[in-house]
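User: I want to check the labels given to aromatic rings in a structure. Take me through the reasoning behind them.

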Amino acid sequence: MFFLYNIIIYVIILISPLIILIRVIKKKENPKRFLEKFSIYSKRKVSGKLVWFHAVSIGEFKSIIPLIRKYEKKKNISQILITSSTLSSSKLISKYKFRKVVHQFFPIDNHAIVKNFLNYWQPSIAIFVDSEVWPNMLIQLKKLRVPIILINARITRKSFLKWSKLKNFSNYIFNQFDLCISSNLESIKYLKQLGAKNIKYFGNLKFAEVVEEKIDLKVKFRTFLKSKKIFCASSTHEPEEKIIGEVHKRLKEKYSNLITIIIPRHIERTDYIENDLKSLNLRTLRYSMVNKINNSTDIIIVDSFGMTKPFFSKSKSVFLGGSLIKHGGQNPLEAVRFGCNILYGPSIHNFKEIYQFLDKEKISYRTRTANEIFLRVKKLMEKKTNKNLKNRINYIGKKILNKCFQE
C-alpha cells in the first residue's frame with residue numbers, strides 16, 4: 001500500500017504545474033510562494049530550538065494560537081515554524097504579530113521533498129493539528145527521532161472507515177505518533193483501533209481560542225448598522241447562501257430595517273454568490289465597496305479574510321454554514337464568545353460534542369430548511385444574549401490549554 005501511495009504522489013508531482021496554474025487562476029494559490037510546497041523556502045531558519053506546528057487551514061490555526069503564545073514565552077525556543085496548506089490560512093497568519101513565528105506552506109508528501117524540508121528546518125518537535133496524517137513525513141520524522149504529537153486529534157467515522165480498509169497500513173502510520181491528544185471521546189476509540197498507542201483526552205482545544213485580532217468595521221458602515229436589525233451567516237458553502245437569501249426575504253417582511261451579512265467560507269466564490277442572490281431579486285453589496293451602502297441594500301457579502309469577529313460583535317443570531325450540506329459544520333465557539341445565538345444544519349459531525357454542550361445551554365439550535373431558520377431567527381431577534389457563557393467557555397479552555405502545554 002505504501003508503494004502505491006508513493007506512486008500516486010509522484011503522479012501528482014508530474015501534473016502539479018497544471019494543478020498549480022488552475023489554482024492560481026482560481027485564486028486558491030499564492031503565485032509567488034507555491035514553490036514552498038516543493039521545499040524551496042522563502043523564510044530563513046535561525047539557529048537554536050525550533051518548534052513546528054502544522055495546521056492545515058484557518059480553523060486548525062486558530063485553535064493553537066494560545067499554545068503558540070505560550071511557546072513564544074519559552075526562552076529556550078528560538079523559532080516557531082507554522083505550516084498550512086491553504087491560501088486563506090496564510091493570509092490570516094500574516095495578520096498576527098508573533099515574535100518568533102515564520103510561516104511556510106506544507107510540502108508535498110514526497111520522500112525527497114519531505115527529506116529536504118526536514119534537513120533545512122530541523123524541528124525539535126513536530127505538532128500536527130486535528131486530523132493531519134502524512135505517511136512520508138511521519139516516517140522521516142521518526143527516522144530522525146523527532147517527537148511527533150497529534151494535538152486536538154479528530155477522527156470522524158467517515159475517515160475511520162476509510163483508514164480501516166487499509167488496516168496494516170493505518171496501524172503502521174498511526175503508530176508513528178508518540179502522543180495523540182484527542183479532541184473528543186469518539187476519536188479516542190477510533191485512534192486506538194487505527195494503531196495509535198499513547199492517547200490522552202483533555203477536551204477540545206477550540207475552547208481555548210481567544211479574541212485577538214483588532215479588526216474594526218469601516219466608520220460609515222458602523223454608523224449605518226446602528227439603526228439595523230442584523231442577521232449573520234458565516235462560513236457558508238453552496239447552496240447555503242441562496243437559502244439565507246430566502247430567509248432574508250421573509251424576515252424583511254417583519255423587519256424593514258433588516259440587513260443580512262454573509263461571510264462565505266471561500267471568498268473567491270463572491271461572484272457566484274452575488275448571481276444566486278440577484279436571482280432572488282435581492283440587492284447585494286460587497287464589503288470592500290461598503291462606502292456605497294444605502295437603505296435599499298439587502299445583503300452584504302464579506303469579501304475580505306478575517307472579518308468574522310467584527311460582524312459577530314454586531315449580531316444576535318448567526319447561522320453557521322457547512323451544516324446544511326455534507327461538510328461537517330464549523331466551529332461555533334467564536335460566535336458564542338460574542339453572545340450570539342447559533343443556528344446550524346444537520347451536518348455537524350466535526351463539532352458534535354461542542355454543539356451538544358451549546359444545545360444544552362439553549363444557545364444553539366438545529367434547523368433543516370429555510371422555513372425553520374426563518375422561524376428560529378424571528379424568535380431570537382427578541383431574545384437576550386447569554387453573557388455569562390463566555391466566561392464559562394474561557395474557564396474550560398484555560399484548563400484544556402494548560403494540560404496540553406504540560407504534555
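User: What makes Lys37 count as lying over the face of Phe105?

Analyst: This is a predicted model. Lys37 is 5.4 Å from the ring centre of Phe105. The cut-off is 6 Å, together with an angle within 35 degrees of the ring normal. Lys37 is listed as over the face of Phe105.

User: Where else does Lys37 appear?

Analyst: Lys37 is among the residues nearest the centre of the second largest pocket, with Ile12, Phe106, Ile108 and Trp134. That pocket has a volume of about 420 Å³. Its lining has ten nonpolar, two polar and five charged residues.

User: Which cluster holds Phe106 and Trp134?

Analyst: Ring pairs join them with Trp52, Phe117, Phe128, Trp163, Phe169, Phe174 and Phe177. The structure has 22 aromatic pairs.

User: Why is the pair Tyr96 and Phe98 called stacked?

Analyst: The ring centres are 5.5 Å apart and the planes are at 10 degrees. Pairing needs centres within 6.5 Å, and stacked means planes under 30 degrees apart. So Tyr96 and Phe98 are stacked.

User: How do you know whether Tyr96 and Phe98 are buried or exposed?

Analyst: Buried means under 20% relative accessible area. Tyr96 has 8%, so Tyr96 is buried. Phe98 has 13%, so Phe98 is buried.

User: Why is the pair Tyr344 and Tyr355 called tilted?

Analyst: The centres are 4.3 Å apart and the planes are at 40 degrees. Stacked needs under 30 degrees and edge-to-face over 60. The pair fits neither, so it is tilted. Tyr344 is in strand β13 and Tyr355 in helix α14, eleven residues apart. Both Tyr344 and Tyr355 are buried.

Methods. Residues are numbered from 1 along each chain as its sequence is written. This is a predicted model: local features need pLDDT of at least 70, side-chain atom pairs count only at pLDDT 80 or more; totals for chains, interfaces and linings use all residues. Side-chain values use heavy atoms; hydrogens and water are left out. On a 1 Å grid over the protein atoms alone, a cavity is a set of points where a 1.4 Å probe fits but cannot get out, and a pocket is an open set with protein on both sides within 12 Å along at least five of seven lines; lining residues have an atom within 4 Å of a point. Grid points are joined across faces, edges and corners, and a volume is the space filled by probe spheres set on the points. Ala, Val, Leu, Ile, Met, Phe, Trp, Tyr, Cys and Pro count as nonpolar, Asp, Glu, Lys and Arg as charged, and the others, Gly among them, as polar. Rings of Phe, Tyr and Trp (its six-membered ring) pair if their centres lie within 6.5 Å; planes under 30 degrees apart count as stacked, over 60 as edge-to-face and the rest as tilted. Buried means under 20% relative accessible area, exposed over 50%, partly exposed in between (1.4 Å probe, protein chains only). Helices (H or I, at least four residues) and strands (E, at least two) are DSSP runs, numbered from the N terminus.
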